[in-house]
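Please examine the sequence and the model shown here before reading the exchange.

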Amino acid sequence: MIILSIESSCDETAAAVTENGRTVLSSEISSQIDIHTLYGGVVPELASRSHIQAVQKLADLALKDAGIRREDVDAVAVTYAPGLIGAVLVGVSFAKSAALALGKPLVPVHHIRGHVAANYIAWPELEPPFACLVASGGSSLILDVRGYTDYRVLGSTRDDAAGECFDKAARVLGIGYPGGAQIDALAKTGDPERYPLPRAKVEGHPYDMSFSGLKTAVVNLAHNARQAGRSLDLPDLAASLCKAVSDTLVSRATEAAVHLGYGKLAIAGGVAANSVIRRSLASEARKYGIRTYLAPLEYCGDNAAMIGCQGYYEYLAGVRGTSALNAYATMSPDSALCRF
Ligand code: KG4
């Protein structure tokens, strides 16, 4: 089954063609980083406008690169939640029109479920049930993936997402935007024990997380150093930050995987590209005999291939969107609203 998929939930416009939820025939991404860099963060209105300009061209390019004619598309999948509302609306509106014009079914896909499905591309043997850690710019979640379309959220961040913590730290340290990848690169030569940074726990909720204190700790370090005319050792601070985020995410993900007893733990989302987290997750899980599935680096960040892969399983489960399909800024991946 051939799916044309669209993703526009934040600052990447993406279109892809996938086959049977596992094979990527093409994956096109147009990043808006250059636009938002000027402002040090995503400007929602600019994001929406850029999506409008890019989406049609990307969809055509995805079909061309895949060698697929429009009439060979079996369904159109699209991210409909969560994300910047104006941005998501662009993708949803385009996908509705495309599905109508092609006379094919429309399949709404939850963005986080899409992130999880990035693992299906790299790991043909991976099937639910499994535990999954999703960490991105907007979410940090510990999931029980009971079935392809049957999710349970075990834990989530109470405030900032892990990616937001990296991005804010990078911004105050003058490293650039978005900062996760640069911090990861800097951390390679740093000492992770040099700066003591907090690891927050949420009393009575072992899988929940909080990153706002960690973010503030880095911001305070930067401000205090500036006021005192001291300089910070950036590689050491980057390494300390990566270790703090990794300790928080990896301990909860491993504990959840042990508790669920499936013997399988996957990781996905933009922050899943972090080398410290990937290494630490694999070695921690190994201690408990749990097999890890790391989403491929090229599909960790936002892309439409993952939406097409999850779209396939949503399609098989009977999920269909109508011309009344709406976009949602917030929605849990286990919400009843995901059941169409
Ligand atoms: O999944 P994604 O592309 O967008 C959302 O759905 O939010 O994730 C973007 C986030 C950004 O916060 C970015 O800084 C972070 O992923 N990121 C990383 C790395 N690469 C991207 N964070 C840590 N280490 C990395 N290597």
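The questions and answers below concern a sheet and the nonpolar cores.

This is a predicted model in which local features need pLDDT of at least 70 and side-chain atom pairs count only at pLDDT 80 or more, whereas totals for chains, interfaces and linings use all residues. Residues are numbered from 1 along each chain as its sequence is written, and side-chain values use heavy atoms, with hydrogens and water left out.

Q: Which strands are the edge strands of the open sheet?
A: Strands are DSSP runs of E with at least two residues, numbered from the N terminus, and two strands pair if DSSP finds at least two bridges between them. Five strands form the open sheet, with mixed pairing and the order 8-7-6-9-10. Pairing on one side only marks strand 8 (150–156) and strand 10 (291–294).

Q: Which residue in strand 8 stands opposite Gly 147?
A: Strand 7 (residues 140–147) pairs with strand 8 in the antiparallel sense, over six bridges. Opposite Gly 147 stands Asp 150.

Q: Where does the largest nonpolar core lie relative to domain 1 and domain 2?
A: A nonpolar core is a set of buried (under 20% relative accessible area, 1.4 Å probe, protein chains only) Ala, Val, Leu, Ile, Met, Phe, Trp, Tyr and Cys residues joined through side-chain atoms within 4.5 Å. The largest has 84 residues, and helix 8 gives the most to it, with 13 residues. Because domain 1 (2–116 + 301–338) and domain 2 (125–299), whose bounds come from an automatic or database domain assignment, both give residues to this core, it lies between them.

Key
Helices (H or I, at least four residues) and strands (E, at least two) are DSSP runs, numbered from the N terminus. Buried means under 20% relative accessible area, exposed over 50%, partly exposed in between (1.4 Å probe, protein chains only).
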